[in-house]
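Colleague: Got a minute to walk me through this one? I'd like to get my bearings before I go back to the bench.

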Amino acid sequence: MLDFALWKRVAIWGVVLLGLLFAAPNMFYSRVEGHNDALKAIETQGATPELIAKRDGWPGWLPSGLVNLGLDLRGGAHLLAEVQVEDVYADRMDALWPDVRDALREVRDRVGPIRRIDGTPGTLQVRLGEPAGMPAALEAVRGLARPIVSLTGVGASDIDVSGEGAVLTVQLSEPEKQATIDRTLRQSLEIVRRRIDEVGTREPTIQRQGEDRILIEVPGIGSADELKALIGTTARLTFNPVVSRTSNPNEAPGASNELLPSMDEPGTYYIIEKTPVVSGEELTDSQPAFDQNGEPSVTFRFNPSGARKFGQYTAEHVGSPFAIVLDDEVISAPVIREAIPSGSGQITGNFTVEESTQLAVLLRAGALPAELTFLEERTIGPQLGADSIEAGKIASAAAFLLVLLFMWASYGLFGLFANVALIVNIGLIFGLLSMIGATLTLPGIAGIVLTIGMAVDANVLVFERIREELKTAKGPARAIELGYQRALSAILDANITTFLTAVILFVMGSGPVRGFAVTLAIGIVTSVFVAIYVTRMMIVMWMARRRPKSIVL
Amino acid sequence: MRLKLVPSNTSWDFFKFSHISLGASALAMVVSIVLVFTMGLNFGIDFKGGTTIRTESSQPVDVGAYRQAISALDLGDVSITEVFDPSFGPGKNVAQIRIQAQGDAESVTPETIAALEQALSAVDPSITFPSVESVGPKVSGELVTSAAIAVSLSILAMLVYIWLRFEWQFGLGAVVALIHDVTLTMGIFAGLQLKFDLAIIAALLTIVGYSVNDTVVVFDRVRENLRKFKKMALKDVLNLSINETLSRTTMTSFTTLLALIALIVLGGDVIRGFVFAMTWGIIVGTYSSIFVAANILLMLGVKRDWSKEGDGGAGTQFANAER
């Protein structure tokens, strides 16, 4: 019991050294950060003397993982967005309408004249002229259903068709809705990610949360508004034929037409055909540029099928205007001067350089499949974060010092062992945090300070126990052995319960609270390890060297 | 010469005045519950929805002028508080502005924020906005639910764990102590009208962990002594166990408090509420593990007929899991 096998000693010291080695980069935060950034920059942009100097600021063979600083420490923006999947359901129903119409027309002799009526959003409702024809209508429309391929919905079809009286209702089936939510979310995530990556910020967090939400955290960005402007627009770009131009916002647009405002001419409206000639999904590239007058503009290029449609339309409609529509606003409505067979063109509006750059980014990244609603947003300024770090550092140092002094005053030499163990413990916490790339938040710092206070607990338990065992006078070695043995169950029970709450905190919490949970949990694991291995080994080594006849604790 | 918080050998009777301590605890709990229901918790935007803006300026904060500038925008309920902190140097004046939730489900619009910032800049040109946070009512409602679930879940998890490792009486004792601590913490937040937000929930959960930690150490010793002194009355076993672990209990609480006090004094105003909750919880938690948990255990009694259970261990088959 009191002698550690050599392999155990090596393993324990190895773990400690490894932990400290991984913690080390955090002591030189800005240098290591510069090194990491430079590595990335060299890979993407090529090397410059400046970058190489930065890269060599930290030796490449040393670990260079850092504890990420959370938004509340670094400054940045946090957004929680909800994807309006209902929009997608509605779009699907609109797209299904022509098929339903055609299917019902084939059984017209039995169902009579049909008319689409406004139902609840996300459903398609059709009134039949002859209620008696409902069975035939149901059969015809059910014929449109397609089986869906998914793990959960085997054998299910994508639409539910039902009839009541003379009204036939079509809606997406439950498994299809699930599949749609999944698809929409994944697509939205991808597009949000691309839009944020385009502006090249450091380590953004973009993840799905719950059923239909996206959590976006971008360090270093000025404000949540900026972030919203970047990702908040759907960026649905279409090219539509123009019917007429008007200044009356209430003018009836007529069937299958739409009245949309102009973006840069207030009070002007365009009546356009709803069905676009080409849409933004067929874009392959978009870049900010300047037009022949030196005004900022955006160039675009279609894929072959888009180019064909675009070329054909422009060839047939030379001399008539067509509208470039972005998110239900007409950016511009140029007159087609000649056929554009190349599939590339230029959009001019009254852009500033910034606007044209942003529009190009949005078009390149593609349209969001559904609108986003922002449920929560937080902006933290970098200065506030820096102040918090400073305060946290001072508080940790003070806490550390107080605890060290107190332990030494209470347990003397053994207290010093515990103090060395505490220092190792803090090193291990940082090492682990860096290794797993965890994020340190303000409550996380509080968690570490709390750990400093609580970490000595396991040692205290053992030392108190040893004191008790010494009273029964079995000799120091035996007392230490018994002390460790008997304190073990209390140490385990006490720490497992705290660990359980940390797990619950992690699962239920979000953002900074999670950061706290992680540091708390790691702190528990390291302090147990340190107390039952590192401190014990130090004591054992000291005992082996000194062979004291009695110990004072 | 060693520093000792309590004498090495104590044989205090912790149950001598148990009716007083239990009565005091019960009274404190009732007062807390009454406070929570009458004064209500001062919910932060996490739970109520709305927007908080932190302002910083080199000029002294003029709450009246701020209020006037903001009221022109017609944003409904607005509260403005000046923040004081010893760590602020001269020329750093901080205020916290809270406006109620505006829309149905969404957080605040950029236009509202811009208008607000503009109005305040007109009052004080040197003003900056180091943080702006906004939570829509939809999310805040869910946050309340998940916070309540988290706290209940953790208490339940403790109950189950201790029940498995000890006996159900131990679990119940620990859980009553936990509820005691959580109630008292909520009570003081209601009484002092301190801001109650997500961070405080994190603190509450940590208190739950800490309090159980404390209780378990005492219970562990109780279990051991129950095996050792089979004839001793339960009350004496409890007293002995508490006395034996008293030194450890005070040591650990003291070091933890040292660290927390460092945080309160030096950690800055942003996390002060969080740290305050924790500090209070540790004091209450230490008290409750002795005076509430052990008392409940004494009242419930423990089955002590383990002679038929082989090695004579109290608790269930999981009691010696680590051996």
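Modeller: Sure. One term to start with: helices and strands here are DSSP runs, at least four residues for a helix (H or I) and at least two for a strand (E), numbered from the N terminus. Also keep in mind that this is a predicted model.

Colleague: Fine. With that in hand, where is B:Asp74 found?

Modeller: B:Asp74 sits in the loop that links helix 3 (63-71) to strand 3 of chain B.

Colleague: What's its phi like?

Modeller: Positive, near 60 degrees, and B:Asp74 is a residue other than glycine.

Colleague: Is B:Asp74 buried or exposed?

Modeller: B:Asp74 has a relative accessible area of 64%. The cut-off for exposed is over 50%, so B:Asp74 counts as exposed.

Colleague: Which residue in chain A has a positive phi although it is not a glycine?

Modeller: A:Arg547 is one, with a phi of about 45 degrees. You'll find A:Arg547 in the segment after helix 16 (512-546) of chain A. A:Arg547 is exposed too, at a relative accessible area of 63%.

Colleague: Back to strand 3 of chain B. Where does that strand go in the sheet?

Modeller: It's at one end of an open sheet of eight strands, whose order is 7(A)-8(A)-2(A)-18(A)-5(B)-2(B)-4(B)-3(B). So the sheet takes strands from chain A and chain B, and the pairing is antiparallel. Strand 3 (78-83) of chain B is an edge strand, and so is strand 7 (205-209) of chain A; each of them pairs on one side only.

Colleague: How much twist from one strand to the next?

Modeller: It averages 15 degrees.

Colleague: Can you zoom in on one pair?

Modeller: Take strand 2 (residues 76-83) and strand 8 (residues 213-219), both of chain A: they pair in the antiparallel sense over seven bridges. For a landmark, A:His78 has A:Glu217 in strand 8 of chain A as its bridge partner.

Colleague: Which helix lies across those strands?

Modeller: Helix 8 (residues 174-198) of chain A lies across strand 2, strand 7, strand 8 and strand 18 (372-380) of chain A. Against strand 7 of chain A, helix 8 runs at about 170 degrees.

Colleague: New topic, chain B as a whole. How many helices and strands?

Modeller: Chain B has nine helices and six strands. It is more spread out than a compact globule, because its radius of gyration is 25 Å, well over the 20 Å that the globule rule gives for 323 residues. The C-alpha trace of chain B spans about 80 × 50 × 35 Å along its principal axes.

Colleague: And how many of its residues are buried?

Modeller: 54% of the 323 residues in chain B are buried. The accessible surface of chain B is about 13,600 Å², and carbon and sulfur atoms hold 65% of that.

Colleague: One more. What does UniProt say about residues 258-370 of chain A?

Modeller: The UniProt record, an unreviewed entry, labels that stretch "domain: SecDF P1 head subdomain". In the model, residues 258-370 of chain A are 23% helix and 35% strand, with the end C-alpha atoms 20 Å apart.

Colleague: I've been looking at A:Pro288. Which strand is that in?

Modeller: A:Pro288 is in strand 13 (residues 283-290) of chain A. At 36% relative accessible area, A:Pro288 is partly exposed. Leaving aside neighbours within four places in sequence, A:Pro288 is in contact with A:Ser297, A:Val298, A:Ser356, A:Thr357 and A:Ala360.

Notes: Residues numbered from 1 in each chain as written. Chains lettered and ligands numbered in written order. Predicted model: local features only at pLDDT ≥ 70, side-chain atom pairs only at ≥ 80, totals over all residues. Heavy atoms only, no water. Pairing = 2+ DSSP bridges. Axes fitted to C-alpha atoms, helices over the stretch in contact; angles between N-to-C directions. Contact = heavy atoms within 4.5 Å. Rg over C-alpha atoms; globule rule 2.2 N^0.38 Å. Buried < 20%, exposed > 50% of the residue type's maximum accessible area, 1.4 Å probe, protein only. Areas by Shrake-Rupley, 256 points an atom, 1.4 Å probe, with all protein chains shown as cover. UniProt positions renumbered as here; feature names shortened; annotations may be inferred.
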